[in-house]
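Colleague: Please show me the structure, and then let me ask how the terms used for it are justified.

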Amino acid sequence: MYSETVEIRGHFIDSLLLPKILDDILQNGAEFVVEELRVGKRRADPSYARVRLTSKDAAALDKLLKRIRQHGATLVHEQDCELAKAEQDGVFPDGFYSTTNQQTFVRLNGKWMAVERPEMDCGIRVLPDKAGAACVPFTDLRAGDLFVVGHHGVKIEPLERPSKEDVFSFMSSVVSTEKPKGTVARDIARSFRDMRYRGRKILAVAGPAVVHTGAAPQFVKLIESGYINLLFAGNALAAHDIEYALFGTSLGVYLDRGIPAEHGHENHMRAINTIRKCGGIRQAVEQGVLKKGIMHACVRHGVPFLLAGSIRDDGPLPDVITDVIEAQQRMRSMLSEVGIALMVATTLHSVAVGNLLPATVKTICVDINPAVVTKLADRGSFQALGIVTDVEPFLRELCQELNV
Amino acid sequence: MKFSLFMCSPEYYGIEYEINPWMSLQRQADRALARRQWEALYGLLTGEIGVKVELIEPAPGLPDMVFTANAGIALNGDFISSNFRNKERQDESRHFKDWFKKKGYRIFELPPHQFFEGEGDLLFAGDTDAYAGYLIRSDVYSHAAVAEMLDRRVVSLELVDGRFYHLDTCFCPLNEKSVVYYPTAFDTYARQVIEANFPDRIELTEEEALQFVANAIVIGDHYIQPPGGARYLRRALQERGFEVHELEMSEFMKAGGATKCLVLKLAETSEGASGSVRDWSLFREKT
């Protein structure tokens with residue numbers, strides 16, 4: 001994305017110059033935000049407008065600027081961003097620009113350029129030839145890298161207002177137990193279909209409650225029908241899912257009858273042991289040991305999954321990445337085509353993944369505990385839509401809406 | 001608005017270059033005939049109409065100096081000098097500025113990159129509002145600057161037909177409510193603006209517009225135009241109480257000009273006398 005700011009002065013309102021300029025911008029596939037508009041008080045007073053335009057195509061933006069210049073729109077004089085070199089690995093230069101999760105632009109050699117991989121709490125690394133810039137976390141930065149410092153020549157593209165048709169237009173991250181869940185499920189189903197149609201990926205971030213509450217079959221249906229394309233979770237979701245697949249219990253309780261199995265508390269350890277013996281989840285599926293459940297569906301349907309470890313994990317399963325930095329880096333590398341993130345029944349993984357997502361990814365957080373959604377929003381994922389409900393009825397309704 | 005007029009005799013007039021679709025070096029103007037046509041206009045204005053006309057000495061090598069409408073804007077003792085787009089006409093400004101300076105006018109100039117061709121592209125409708133054409137000769141930026149100098153609303157109109165390269169070739173306000181114009185010479189936004197500002201519109205056909213009947217001098221209820229407009233315009237003007245004067249302008253039309261192009265208004269408004277002009281210092285000519 002490329003962006004420029006223009007100013008217009010004079011009697012452009014009476015002359016219809018402003019609508020002419022704005023129409024031209026839209027007709028040429030660019031977008032605008034009127035950042036300021038001051039209308040003259042007396043008839044003779046001039047008015048003033050400042051408009052920012054954004055286009056995916058640098059050449060098209062140049063052409064557009066030339067054309068609207070004829071109608072009185074002049075480029076606002078702007079300055080390039082300031083750069084400084086990192087002096088040691090893992091340490092940003094003093095005064096580094098700390099990023100948000102929104103689409104950010106930096107001005108290099110007189111041109112506004114989109115910063116790649118928008119992510120909050122990073123620095124903006126600029127290529128040595130100043131031909132590009134990207135968000136980089138502490139762990140990826142090396143001595144000698146060039147970083148943006150200060151706030152000159154940096155601007156943020158606020159999120160587009162969603163269309164009226166979109167569930168996100170009337171919902172915000174304000175948590176309420178009183179939102180009409182039926183319509184919400186319908187709207188989310190529509191977003192899911194839309195994503196699939198546009199070839200964007202749907203990421204699920206799920207906690208073990210998906211299994212405890214008996215929602216695993218719905219989750220499997222979503223995987224099988226192509227509505228979950230990527231799964232991030234911890235050891236627990238996989239361990240409970242596999243326990244249920246192998247023994248019919250989750251944490252020792254038969255899910256179909258709701259009663260504890262004899263020596264059931266051992267089941268999840270035995271499940272983990274079985275997978276460790278096979279060498280991993282994929283191997284267990286290939287060896288015919290693991291025949292159903294969420295993890296089985298992921299392997300069978302080629303849905304990549306990432307299990308990130310934590311300090312209280314049992315086992316863990318061989319697939320779990322226990323180095324958190326490595327887990328973060330692997331997650332980042334998998335996010336590029338994600339359009340929607342569905343976070344269900346997990347606090348820590350929701351916040352962790354939320355931190356990595358650009359604000360443009362629609363985020364839906366479903367949890368019985370309102371604090372989870374609040375936490376996510378408080379940590380910067382303001383774009384999240386919160387739904388306070390038990391995960392099982394929510395997924396059941398979503399499956400119904402999607403006819404799966 | 002009280003005013004006198006400013007003209008330049010066609011001593012050196014001729015087609016010496018081509019800077020609009022009307023001009024052709026193959027179609028030379030007859031200088032003697034041009035002189036007679038100019039004198040007929042001068043005679044009508046100073047005689048029957050009874051307006052004071054001031055004259056500037058024509059300069060050799062500047063054939064278009066006869067079109068004084070393009071010299072600038074003269075209002076309340078101030079003169080905003082034109083910035084001609086075509087280098088062929090740029091030398092005229094020096095002569096015009098000298099004349100106005102001698103007459104005691106304060107001279108104002110626009111930044112050099114803002115083209116502006118005076119009354120050719122800026123016309124008053126009543127005392128308060130001005131309409132200004134842009135894109136072909138004048139820049140829209142100059143409108144904002146001139147509006148500030150004049151402390152008046154200047155409404156910009158985009159011109160889209162090269163044959164009607166100045167606003168005064170296709171647009172002639174009769175007063176603040178009525179206008180004679182050729183709609184096709186304007187883009188759709190400008191047409192909407194004209195419709196919104198003039199409840200009474202006399203729309204010319206292409207045939208009439210090409211007769212340059214909008215390039216007219218309006219003084220009181222006199223409408224002074226080259227021959228034409230028989231189809232609609234004449235009756236429309238008569239219905240509104242105007243007396244139509246037709247003057248042969250054949251030689252000047254070879255350069256894309258007619259009656260209006262040959263005169264500049266030296267205007268004085270009642271509000272101007274009280275000194276309503278704001279900070280002009282930015283634009284004042286460095287002396």
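Modeller: This is a predicted model, and the talk below takes up one pocket and one contact between chains.

Colleague: Why is the link between Lys20(A) and Asp187(B) called a salt bridge?

Modeller: The closest N and O atoms of Lys20(A) and Asp187(B) are 2.7 Å apart. The cut-off is 4 Å between a side-chain nitrogen of Lys or Arg and a carboxyl oxygen of Asp or Glu, so the pair qualifies. The count between chain B and chain A is five salt bridges.

Colleague: What is the area buried between chain B and chain A?

Modeller: About 1,700 Å², with 53% of that area given by carbon and sulfur atoms. On the side of chain B, Tyr141(B), Arg153(B) and Tyr189(B) lose the most area to chain A, together 40% of what that side buries.

Colleague: How many residues are in contact there?

Modeller: 19 residues of chain B are in contact with 21 residues of chain A, where contact means heavy atoms within 4.5 Å.

Colleague: Now the second largest pocket. What is its volume, and which residues are closest to its centre?

Modeller: The volume is about 820 Å³. Ala308(A), Gly309(A), Ser310(A), Leu348(A) and His349(A) are the closest to the centre, out of 41 lining residues.

Colleague: Why does Gly309(A) count as polar in that lining?

Modeller: The classes put Gly among the polar residues, so Gly309(A) is counted there. By class, the lining has 20 nonpolar, 13 polar and eight charged residues.

Colleague: Which helix gives the most to this lining?

Modeller: H12(A), with six residues.

How values were computed:
Residues are numbered from 1 along each chain as its sequence is written. Chains are lettered from A and ligands numbered from 1 in the order in which they are written. This is a predicted model: local features need pLDDT of at least 70, side-chain atom pairs count only at pLDDT 80 or more; totals for chains, interfaces and linings use all residues. Side-chain values use heavy atoms; hydrogens and water are left out. On a 1 Å grid over the protein atoms alone, a cavity is a set of points where a 1.4 Å probe fits but cannot get out, and a pocket is an open set with protein on both sides within 12 Å along at least five of seven lines; lining residues have an atom within 4 Å of a point. Grid points are joined across faces, edges and corners, and a volume is the space filled by probe spheres set on the points. Helices (H or I, at least four residues) and strands (E, at least two) are DSSP runs, numbered from the N terminus. Buried area is the accessible area (1.4 Å probe) that two parts lose on being put together, summed over both.
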